[in-house]
Amino acid sequence: MFSGTPFCLLLALPFYYSTNIGALDITVSSGDTAFLPCPLPFNYTDFMRIGVKWEKDGGSILCTYYIQNNAIHDHNCKPRFKVNTEPLGLNIIGVESSDAGLYKCLMIRLLPPPSEERSVTLRLKVNVLSSITLHLTNSTNVSCVELLCSLQGLRPQQVNFTWTRATQFLHHHPESRSMNSTLMLCKPNWTDRETLTCHASYSHNHIRYSKSITLPCNSVKSSTSGHLDSFRPLAVAALCW
C-alpha cells in the first residue's frame with residue numbers, strides 16, 4: 001500500500017498536472033489469467049517515486065504499491081491480483097465472470113515535486129466457457145435417486161432440458177428460465193448401474209450438450225462433470241449384489 005506521511009500530504013494538495021492517457025479493451029476466457037497493462041507514462045528515472053493504485057468500477061481498490069529504483073515496494077493486493085513487473089501491470093489469476101468490468105490504473109509521481117497524476121482505463125470482458133455437469137444429490141429415501149443437471153455460461157431463457165434412458169424419454173418438471181434441471185426416480189423406475197443422460201439444447205445456435213451418469217449400487221453416490229457433446233460413464237464404486 002502507499003506508505004508514509006509525504007504521500008498523504010501530496011494527496012491533500014492540488015495536482016499540477018492530471019490526465020487520462022487512454023482506454024483499452026481486453027477479452028479473456030474464464031479460468032485464464034488476464035494481464036492489465038499499466039506502463040509508466042513519465043520520463044522515469046531512479047530518483048522518482050511513483051505511487052500506483054488499481055480500482056474496479058470506480059470504487060473497489062484492488063491493489064496499491066509504489067515504484068522506486070526500478071522495483072516494486074509495499075504492494076498490497078487482494079487475492080488473485082498480482083503485480084506484474086515486466087511489463088508493468090496487474091495479473092488476475094483464474095478469471096471469473098464477476099471480474100468483468102472497468103479497471104483504472106492511477107499513477108501519481110510523488111517525487112520529485114511537483115506532483116503529477118496519470119491514469120489508464122481498461123475494460124475487461126470475460127468469455128464464460130459453457131459446460132454441463134450432472135451429479136446425484138442427497139436423498140432421504142434410499143429407494144429414490146435425484147439427479148441435478150446444470151449448464152453454465154449460457155442464457156437461461158434459451159436452454160431446454162430433456163432426460164433419456166437409452167432411447168426412452170423420461171418425464172421431469174421443467175423450470176422456465178433456469179440453468180438447472182432435476183430428475184427424481186423411485187423404485188421400480190430405476191435399477192442399479194443403469195445409465196441416464198441429461199440433454200441441454202441451446203436454441204440460439206442449436207448446439208446440444210449432453211452428460212451421462214451411471215447409477216450407483218447400494219445408494220453409493222457419485223458425480224461427474226463434462227463438456228460439449230461428450231460423456232464418460234462413472235466408474236461404479238461398489239459392486240451390485
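Tyrosine 202 has isoleucine 207, in strand β16, as its bridge partner, and this pair offers a way into a predicted model whose chain averages a pLDDT of 80, with 78% of the residues scoring at least 70. Strands of a sheet pair through backbone hydrogen bonds, either parallel or antiparallel. The points below take up two open sheets, one of four strands and one of three strands, and then turn to confidence along the chain.

**The four-strand sheet**

- The strands of this open sheet follow the order β13-β12-β15-β16, and their pairing is antiparallel.
- At the edges stand β13 (168-170) and β16 (207-214), each of which pairs on one side only, while the twist from one strand to the next averages 30°.
- Strand β15, which covers residues 195-202, pairs with β16 in the antiparallel sense over eight bridges.

**The three-strand sheet**

- Here the order is β2-β7-β6, in an open sheet that also has antiparallel pairing.
- Because β2 (34-37) and β6 (81-84) are edge strands with a single partner strand each, one side of each is left without a neighbour in the sheet.
- From one strand to the next, the twist in this sheet averages 25°.
- β2 is joined to strand β7 (residues 89-92) by four bridges in the antiparallel sense, and phenylalanine 35 stands opposite asparagine 91 in β7.

**Confidence along the chain**

- Over residues 1-18 the pLDDT is below 50, and this stretch has 29 contacts in the model beyond near neighbours in sequence.
- Over residues 219-239 the pLDDT stays under 50, and the model has 49 contacts for these residues beyond four places in sequence.

Technical notes:
Residues numbered from 1 in each chain as written. Predicted model: local features only at pLDDT ≥ 70, side-chain atom pairs only at ≥ 80, totals over all residues. Heavy atoms only, no water. Pairing = 2+ DSSP bridges. Axes fitted to C-alpha atoms, helices over the stretch in contact; angles between N-to-C directions. pLDDT = per-residue confidence, 0-100. Contact = heavy atoms within 4.5 Å.
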